[in-house]
Amino acid sequence: MISTMKRVLLVFDTKFGNTEKLAKEIAAGIEETGTAECKVIGIKEVGSEDISGYDGVLFGGPVHAFRATRGIKGAIKDAAKKGLDGKLVSSFDTYQAPGHKGNAARGIEGEVSKRAPRAKIFTPGLTALVDGYEGPLNATEPPKAREFGKKFAKELAG
Ligand SMILES: Cc1cc2nc3c(=O)[nH]c(=O)nc-3n(C[C@H](O)[C@H](O)[C@H](O)COP(=O)(O)O)c2cc1C
């Protein structure tokens, strides 16, 4: 039988581990649909990943000084060089201060559009609250992340 399972890559940057946890929740939501399988990797692993094998790619990281981190932007640049054209791409971020959250997820989308104009952006990305500088993830966020993952997988399945 020919497999129709879609393949999704989630790339995260993190300082304290919260954005990695969020990425794993999104991945669980995607896989719950039964239509896609996911791999979750850190930014340093992008270099050794064969991006061409994926139908969808998500990039996420913490908000640092209102913005997306240099680390995740670098990962987008590396991935785009290998080819994000035609893939469904989305974003996620974690922030600590609701009044000063900036918008890293939007920044990530912008970076993808700049580096890979022919990627299809799944928007808006997910933005998730952490309770304090080092976390943990606010308890309301994991269910939202799973829901976001499901929506992404449904869009990918068409
Ligand atoms: C250098 C630095 C700058 C930060 N700037 C902001 C900020 O502008 N707004 C905000 O809401 N949180 C800010 N934070 C808090 C981070 O968003 C929080 O540490 C992060 O979401 C935790 O995710 P992580 O565990 O994946 O690193 C900052 C954290 C660091 C380390």
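The exercises below, each with a worked solution, concern a predicted model of a protein chain with a ligand.

**Exercise 1. Overall fold**

Task: Establish how many helices and strands the protein chain has, in which order the elements run, and how its radius of gyration compares with that of a compact globule.

Solution: Begin with the secondary structure, which comes to four helices and six strands, and read the elements from the N terminus as β-α-β-β-α-β-α-β-β-α. Next, take the extent along the principal axes, where the C-alpha atoms fill a box of roughly 50 × 30 × 25 Å. A compact globule of 158 residues would have a radius of gyration near 15 Å, and the 14 Å of the protein chain therefore agrees with that expectation. Finally, turn to the contacts with a separation of 6 or more, of which 77% are between residues 24 or more positions apart.

**Exercise 2. Helix α1 and its cover**

Task: Determine what span helix α1 should have, and which elements are included in the cover of its buried residues.

Solution: Helix α1 covers residues 18-32, and because each residue contributes 1.5 Å, its 15 residues should span 21 Å, which agrees with the 21 Å between its end C-alpha atoms. The second step is to list its buried residues, among them Leu 22, Ala 23, Ile 26, Ala 27 and Ile 30. An α-helix has 3.6 residues a turn, so residues three or four places apart point the same way. The cover over the buried residues of α1 includes the strands β1, β2, β3, β4 and β6, together with helix α4. Past the end of the helix comes Gly 34, with a positive phi near 75°.

**Exercise 3. The nonpolar core**

Task: Identify which members of the largest nonpolar core touch the most other members, and then follow the contacts of Val 57.

Solution: The core has 42 residues, and those touching the most other members are Leu 10, Val 11, Ile 26, Val 57 and Phe 59. Setting aside neighbours within four places in sequence, Val 57 is in contact with Leu 9, Val 11, Ala 79, Leu 84, Lys 87 and Val 89. As background, nonpolar side chains in soluble globular proteins tend to be buried together.

**Exercise 4. The shell around the ligand**

Task: Describe which residues are closest to the ligand and what classes make up the shell.

Solution: Of the 21 residues that surround the ligand, the closest are Thr 14, Phe 16, Asn 18, Thr 19 and Thr 94. The elements giving two or more residues to this shell are α1 and β4. Sorted by class, the shell comprises nine nonpolar, ten polar and two charged residues.

**Exercise 5. Backbone exceptions**

Task: Locate the cis peptide bonds at Pro 124 and Pro 136, and decide whether Ala 65 and Phe 66 are exposed or partly exposed.

Solution: Recall that most residues other than glycine have a negative phi, and most peptide bonds are trans. A cis bond joins Thr 123 and Pro 124, with omega about 0°, and Pro 124 lies in the loop between β5 and β6. Another cis bond runs from Gly 135 to Pro 136, with omega near 5°, and Pro 136 belongs to the loop between β6 and α4. Turning to phi, Ala 65 has a positive value near 50°, while Phe 66 has a positive value near 75°. Ala 65 is placed in the loop between β3 and α2, as is Phe 66. Ala 65 counts as exposed because it has 8 C-beta neighbours inside 10 Å, whereas Phe 66, with 13 such neighbours, counts as partly exposed.

How values were computed: Residues are numbered from 1 along each chain as its sequence is written. This is a predicted model: local features need pLDDT of at least 70, side-chain atom pairs count only at pLDDT 80 or more; totals for chains, interfaces and linings use all residues. A nonpolar core is a set of buried Ala, Val, Leu, Ile, Met, Phe, Trp, Tyr and Cys residues joined through C-beta atoms within 7 Å. A residue is buried if 20 or more other C-beta atoms lie within 10 Å of its own, exposed if 12 or fewer, and partly exposed in between; C-beta atoms are placed from the backbone. Two residues are in contact if their C-beta atoms, placed from the backbone, lie within 7 Å. The radius of gyration is taken over C-alpha atoms; the globule rule is 2.2 Å times the number of residues to the power 0.38. The expected span of a helix is 1.5 Å times one less than its number of residues. A residue is near a molecule or strand if its C-beta atom, placed from the backbone, lies within 6 Å of it. Ala, Val, Leu, Ile, Met, Phe, Trp, Tyr, Cys and Pro count as nonpolar, Asp, Glu, Lys and Arg as charged, and the others, Gly among them, as polar.
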